[in-house]
Amino acid sequence: MSTHAKRERLLLADLLESVGPDAPTLCEGWRARDLAAHVVVRERRPDAAGGILLGPLKGRLERVQAEFAAKPYEELIQLIRTGPPRLSPMNVKLVDEAANTVEFYVHAEDVRRAQPEWTPRPLDRVFEDALWARLERAARVLGRRSPAGLVLRRPDGRTVVAHRGAPVVTVTGGPGELTMFALGRQNAAQVDLEGEPEAVEKVRSSRIGLPG
């Protein structure tokens with residue numbers, strides 16, 4: 001049975017292939033080639049990938065990522081499709097699911113939503129619940145830089161508090177859209193925001209999500 005991470009990996013590879021190396025993405029300053037290089041480095045160069053979260057390693061990450069971005073685009077796509085090296089922990093199904101389900105979903109949407117005339121992608125309930133479970137666990141980390149109280153709410157009423165404070169902004173949408181919002185893609189997420197207008201605007205325009 002295909003896992004969520006494996007499915008999203010293949011979808012991301014297909015999207016990157018279809019749009020070409022120079023297509024825009026939602027990642028500021030990155031074209032499709034840059035995003036593909038990021039994915040490959042994250043899986044295959046742990047000595048550099050630490051720079052994604054650790055400032056002192058950022059320079060090394062940028063150098064290594066630039067080296068990979070200079071490779072033939074088709075090679076990068078194939079490396080994404082085939083996955084990490086054989087002895088990588090990410091070859092373990094549970095690790096792959098934990099580390100890559102959200103990563104590949106969001107980056108696939110980074111590609112899709114940066115293209116003209118993109119259309120929403122319907123998600124099945126099982127995958128929505130998988131995204132929601134991960135969002136519940138990560139919400140406090142993702143929302144810690146919010147300039148106002150931040151509550152994420154599914155249409156069925158289930159909620160998670162991403163940041164305590166006042167005034168409160170409530171963001172309502174499907175788990176996929178809330179995931180995009182919480183990971184800093186606020187303007188690309190199809191959600192409804194409720195709260196004081198000034199607080200809503202601050203939350204919509206602030207740098208929430210992971211550092212970087």
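This passage describes the sheet, helix packing, nonpolar cores and selected backbone features of a predicted model.

The sheet is open and consists of four strands arranged in the order β2-β1-β3-β4, with mixed pairing. Its edges are formed by β2 and by β4 (192–194), each of which pairs on one side only, and the twist from one strand to the next averages 25°. Strands of a sheet pair through backbone hydrogen bonds, in either a parallel or an antiparallel sense. For β1 and β2 the sense is antiparallel, and the pairing extends over four bridges; within this pairing, Arg153 has Thr159 of β2 as its bridge partner.

Two helices are placed against these strands. Helix α7 lies across β1 and β2 and runs at about 30° to β2. Helix α8 packs on the sheet, where it touches β1, β3 and β4, and its direction makes about 155° with that of β1. Given that angles over 145 degrees count as roughly antiparallel, the direction of α8 is therefore roughly antiparallel to that of β1.

Helix α8 (residues 175–182) also meets helix α6 (residues 93–112), the two axes coming within 11 Å and crossing at roughly 85°. Because a crossing angle of 65 to 115 degrees counts as roughly perpendicular, α6 and α8 are described as roughly perpendicular to each other. The contact is made by Val102, Tyr105, Val106, Glu109 and Asp110 on the α6 side, and by Gly176, Glu177, Thr179 and Met180 on the α8 side. By residue class, the contact of α6 with α8 comprises four nonpolar, two polar and three charged residues.

Among the participants in this contact, Thr179, which is found in helix α8, has a relative accessible area of 2% and is therefore buried, the cut-off for that class being under 20%. When neighbours within four places in sequence are left aside, Thr179 is in contact with Val102, Tyr105 and Val106, and also with Leu131 and Leu135.

The largest nonpolar core contains 28 residues, of which Leu150, Leu152, Val169, Val171 and Phe181 touch the most other members. At least two residues of this core are supplied by each of α6, α7 (125–142), β1 (149–153), β2 (159–163), β3 (168–172), α8 and α9 (197–205), and the greatest contribution, six residues, is that of α7. The surroundings of Leu150 illustrate the packing: apart from residues up to four places away in sequence, Leu150 touches Val160, Val161, Ala162, His163, Val169, Val171, Phe181, Val203 and Ile208. A second core, separate from the one just described, has 25 residues, including Leu12, Ala32, Val64 and Ile77.

Two backbone features in loops complete the description. In the loop between β2 and β3, where Pro167 is found, the peptide bond from Ala166 to Pro167 is cis, with omega near -5°. In the loop between α6 and α7, where Glu117 is found, that residue has a positive phi of about 60° although Glu117 is not a glycine. Glu117 has a relative accessible area of 77% and is therefore exposed, whereas Thr179, with a value of 2%, is buried.

Key: Residues are numbered from 1 along each chain as its sequence is written. This is a predicted model: local features need pLDDT of at least 70, side-chain atom pairs count only at pLDDT 80 or more; totals for chains, interfaces and linings use all residues. Side-chain values use heavy atoms; hydrogens and water are left out. Axes are lines fitted to C-alpha atoms, for helices over the stretch in contact, and angles run from 0 to 180 degrees between N-to-C directions. Angles under 35 degrees count as roughly parallel, over 145 as roughly antiparallel, 65 to 115 as roughly perpendicular and the rest as oblique. Contact means heavy atoms within 4.5 Å. Ala, Val, Leu, Ile, Met, Phe, Trp, Tyr, Cys and Pro count as nonpolar, Asp, Glu, Lys and Arg as charged, and the others, Gly among them, as polar. A nonpolar core is a set of buried Ala, Val, Leu, Ile, Met, Phe, Trp, Tyr and Cys residues joined through side-chain atoms within 4.5 Å. Buried means under 20% relative accessible area, exposed over 50%, partly exposed in between (1.4 Å probe, protein chains only). Two strands pair if DSSP finds at least two bridges between them.
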